[in-house]
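Subject: A structure for you to look at

Hi there,

I'm passing a structure on to you, along with some notes on what I found in it. Have a look at it first, then read on.

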Amino acid sequence: MVGRLIQLNAHLRNLAEIDELTGLASRRKVLADAVNIFADAVMNNESCAFAILDLDHFKKINDTFGHEAGDLVLLQVAQQMQKTTRLVNKLGRYGGEEFIVIMPNTGKEMALQEMEDLRHALEMMQIETSQGIVIPITVSIGVSVISINTGRYEEILAEADKALYNAKREGRNRIKLYA
């Protein structure tokens, strides 16, 4: 009985922490990781960066090719993110077609370079549906780096979100750093 309860608890934890479609951390899990990484950075006087990625024109993908194709895009983007980013980073599905990358021990230049490498890798992907249709994708990315004035992890996350909206407003398929 105890063994079964342990198994069941592990299964429930997995359901709560892993996004079923992409296999990335769930929003709840990646934000819990963000709290810990932010706290470590503050305590150890280290840098950290947060990035929010949004698939450009994702609604059009779903409307044109169907939700099955949209799910395929989300899955393959998540897989490419895992291949392209450093193992130390925490990745998660933030919601819908948005993803989050938490980068410990990462300053501005390194964060921007890593996100540019990721943006480029995603743009170069050839996502092909079962009907042989190739779906091109691009992403907009907002990045923020911890500063001396950052008091809570929510602030750096909100800054990354503002930078993301600036990237979208300026034409999409680009990275913007919160200034």
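One term will help you from the start: a residue is called buried when its relative accessible area is under 20%, exposed when that area is over 50%, and partly exposed in between. Please also keep in mind that this is a predicted model.

Let's try that term out on the loop between helix 6 and strand 7 (175-177), where you will find Arg172. Is Arg172 buried, partly exposed or exposed? Its relative accessibility is 28%, so Arg172 counts as partly exposed. The backbone of Arg172 deserves a look too, since its phi is positive, near 70 degrees, in a residue other than glycine. Asn173 sits in the loop between helix 6 and strand 7 as well. Asn173 is not a glycine either, yet its phi is positive at about 50 degrees. With 24% relative accessibility, Asn173 counts as partly exposed.

Now step back into helix 6 and find Ala167. Its relative accessible area is 0%, so Ala167 is buried. Which residues does Ala167 touch, leaving aside its neighbours within four places in sequence? Its contacts are Ser140, Ile141, Arg172, Arg174 and Lys176, so you meet Arg172 from the loop again. Gly142 is 25 residues away from Ala167 in sequence, but their C-alpha atoms are 6.8 Å apart in space.

Helix 2 (residues 27-43) comes next. Helix 2 has 17 residues and spans 24 Å from its first C-alpha to its last, close to the 24 Å expected at 1.5 Å a residue. Its buried residues are Val30, Leu31, Asp33, Ala34, Ile37, Phe38 and Ala41. Why do they line one face of the helix? Looking down the axis of helix 2, you would see the buried residues fall within an arc of 155 degrees, so they line one face. As a general point, an α-helix has 3.6 residues a turn, so residues three or four places apart point the same way. The buried residues of helix 2 pack against strand 1 (48-55), strand 2 (90-95), strand 3 (98-104) and helix 6 (153-169). On the other side of helix 2, Arg28 and Met43 are exposed. Just after helix 2 comes Asn45, with a positive phi of about 50 degrees.

For practice, try helix 4 (residues 67-84) yourself. Helix 4 has 18 residues and reaches 25 Å from its first C-alpha to its last, close to the 26 Å expected at 1.5 Å a residue. Among its buried residues are Ala69, Gly70, Val73 and Leu74.

Finally, the pockets. The largest pocket holds about 190 Å³ of space. Its lining is made up of Asp56, His57, Lys60, Ile61, Thr64, Phe65, Ile135, Pro136, Ile137 and Thr138. Helix 3 (residues 58-65) gives the largest share of that lining, with four residues. By type, the lining of the largest pocket has five nonpolar, three polar and two charged residues.

The second largest pocket has a volume of about 150 Å³. You have already met two of its lining residues, Ala41 and Asn45, and with them come Val42, Glu46, Ile146, Ser147, Ile148 and Thr150. Here the lining divides into four nonpolar residues, three polar and one charged.

Enjoy exploring!

Best wishes

Key
Residues numbered from 1 in each chain as written. Predicted model: local features only at pLDDT ≥ 70, side-chain atom pairs only at ≥ 80, totals over all residues. Heavy atoms only, no water. 1 Å grid on protein atoms, 1.4 Å probe; cavity = no way out; pocket = protein on both sides within 12 Å on 5 of 7 lines; lining within 4 Å. Points joined across faces, edges and corners; volume = space filled by probe spheres on them. Helix = DSSP H or I, 4+ residues; strand = E, 2+ residues; numbered from the N terminus. Nonpolar A, V, L, I, M, F, W, Y, C, P; charged D, E, K, R; others polar. Expected span 1.5 Å × (residues − 1). Buried < 20%, exposed > 50% of the residue type's maximum accessible area, 1.4 Å probe, protein only. Arc of directions from axis to C-beta. Contact = heavy atoms within 4.5 Å.
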